[in-house]
Amino acid sequence: MTTAAEVKTIVAHYDNHREWHDLARGNGNLGDGYYQFIGDKPVNLDIGFPEACRRMTRYLGSLGQLDTRSIVLDLGCGEGTPAINIAKNFGSKVVGVDLSSNNLEKARSFLKEEPSTLNVQFHEANFFDLPAAVTNCMFTHVWAQVSFFHTHAHLRKCIDVAANNLKSGGTFILVDYCGPRHPVFTRDTTKSAPDMNEYIKTVEDAGFKIIIKEDASRHFLAGTTFLRKIAGEEKNTVEINFYDGRISSIKEGLIGMAIIIAQKK
């Protein structure tokens with residue numbers, strides 16, 4: 001269970017960085033992008049961060065075999081862009097949950113700009129205390145995109161939430177930052193994060209069969225490199241230093257990004 005202090009820290013993370021996120025990532029894009037490569041070199045960074053994020057949503061949705069029959073729980077939906085794009089691209093029903101009222105205010109404003117036929121709902125709630133409006137619906141899919149890294153100390157409990165809200169045979173779509181170092185405090189050796197193997201074991205121990213496992217670190221690096229470029233153009237020293245450290249840590253294998261698609265047994 002997350003403590004009140006942990007909740008406050010998670011909410012503050014987004015509120016304190018909202019202006020920068022909107023500038024560098026584009027409104028609503030709090031996740032990471034998907035890129036094309038020739039060898040190890042990304043060849044389409046010029047598509048911009050919002051389009052790269054849309055491509056990640058389409059990629060994950062195709063891996064999870066989303067369609068018009070899918071009912072998706074988005075744990076940590078942020079400002080709602082992936083949830084809206086899931087509904088637009090696949091015709092799925094999506095229920096998004098997030099701790100931040102400010103994130104959800106933006107999510108609802110983005111949703112108002114879309115056709116009223118989209119079946120998307122947003123709820124302000126803690127993963128570990130979901131309202132009846134959410135728990136009364138058994139989902140075909142649970143989507144968790146870079147939301148568990150805030151609560152790595154409770155990783156098994158987070159994955160149990162996914163399992164408890166999925167129908168038998170349902171699909172868990174997980175993409176998140178992995179360690180061994182913490183993705184934010186990359187140079188602090190006292191802070192760690194689960195690596196890919198620990199993610200896989202924890203998902204399996206929670207009653208899932210792994211269908212797909214993918215090291216997406218090169219996409220993480222490509223997106224981070226793009227954000228570093230924006231920071232340089234804006235002469236934002238704080239973000240320049242942050243992204244320089246993150247790029248170095250990705251290249252050293254201290255942090256990365258994992259994609260896991262799993263089926264509830």
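How many aromatic pairs does the structure hold? I looked this up first and found 9 aromatic pairs. I note that the model is a predicted one.

**Entry: aromatic pairs**

I examined the pair of Tyr-177 and Phe-220, which is stacked, with 4.7 Å centre to centre and 20° between the planes. Because Tyr-177 belongs to strand 7 and Phe-220 to helix 8, this pair ties together parts that lie 43 residues apart in sequence. I then checked the accessibility of both partners. Tyr-177 has a relative accessibility of 4% and therefore counts as buried, the cut-off being under 20%. Phe-220 is also buried, at a relative accessible area of 0%. I recorded a cluster as well: ring pairs link Phe-127, Phe-128, Phe-148, Phe-172 and Phe-208.

**Entry: charges over rings**

Which ring does the charged end of Arg-246 sit over? I found it over the ring of Tyr-177, 5.3 Å from the ring centre. Tyr-177 thus has a note in two entries, since Phe-220 is its stacked partner. For Arg-218, I found the charged end over the ring of Phe-37, at 4.1 Å from the centre of that ring.

**Entry: the sheet**

In what order do the strands of the open sheet run? I read the order 5-4-3-6-7-9-8 for its 7 strands, with mixed pairing. Strand 5 (120–124) and strand 8 are the edge strands, each pairing on one side only. Neighbouring strands are turned by 15° against each other on average, with direction ignored.

I next followed strand 9. With strand 7 (residues 166–178), strand 9 pairs in the antiparallel sense over 8 bridges. With strand 8 (residues 208–215), strand 9 again pairs in the antiparallel sense, over 7 bridges. I looked up individual positions too. Ile-259 of strand 9 stands opposite Val-175, and Ile-259 is also the bridge partner of Glu-214. Ile-261 of strand 9 stands opposite Ile-212. Is strand 9 mostly covered or mostly open? I found it mostly covered: of the 9 residues in strand 9 (256–264), 7 are buried.

I also traced helix 6 (residues 155–164) against the strands. Helix 6 lies across strand 3 (71–75), strand 6 (139–145), strand 7, strand 8 and strand 9. To strand 7, helix 6 runs at about 150°.

**Entry: helix 8**

I tested the length of helix 8 (residues 217–234). At 1.5 Å a residue, its 18 residues should span 26 Å, and the end C-alpha atoms are 26 Å apart, so the two values agree. Which residues of helix 8 are buried? I listed Ser-217, His-219, Phe-220, Ala-222, Gly-223, Thr-224, Phe-226, Leu-227, Ile-230 and Ala-231.

**Entry: positive phi values**

Just after helix 8, I found Lys-235 with a positive phi of about 55°, although Lys-235 is a residue other than glycine. Lys-235 lies in the loop between helix 8 and helix 9 (237–251). Is Lys-235 buried or exposed? Its relative accessibility is 69%, so I entered Lys-235 as exposed.

I then turned to Val-146, which is not a glycine and has a positive phi of about 40°. Val-146 is located in the loop between strand 6 and helix 6. With a relative accessibility of 5%, Val-146 counts as buried. I closed the entry with the contrast that Val-146 is buried, whereas Lys-235 is exposed.

Note on methods
Residues are numbered from 1 along each chain as its sequence is written. This is a predicted model: local features need pLDDT of at least 70, side-chain atom pairs count only at pLDDT 80 or more; totals for chains, interfaces and linings use all residues. Side-chain values use heavy atoms; hydrogens and water are left out. Buried means under 20% relative accessible area, exposed over 50%, partly exposed in between (1.4 Å probe, protein chains only). Helices (H or I, at least four residues) and strands (E, at least two) are DSSP runs, numbered from the N terminus. Two strands pair if DSSP finds at least two bridges between them. The expected span of a helix is 1.5 Å times one less than its number of residues. Axes are lines fitted to C-alpha atoms, for helices over the stretch in contact, and angles run from 0 to 180 degrees between N-to-C directions. Contact means heavy atoms within 4.5 Å. Rings of Phe, Tyr and Trp (its six-membered ring) pair if their centres lie within 6.5 Å; planes under 30 degrees apart count as stacked, over 60 as edge-to-face and the rest as tilted. A charge sits over a ring if NZ of Lys or CZ of Arg is within 6 Å of the ring centre and within 35 degrees of the ring normal.
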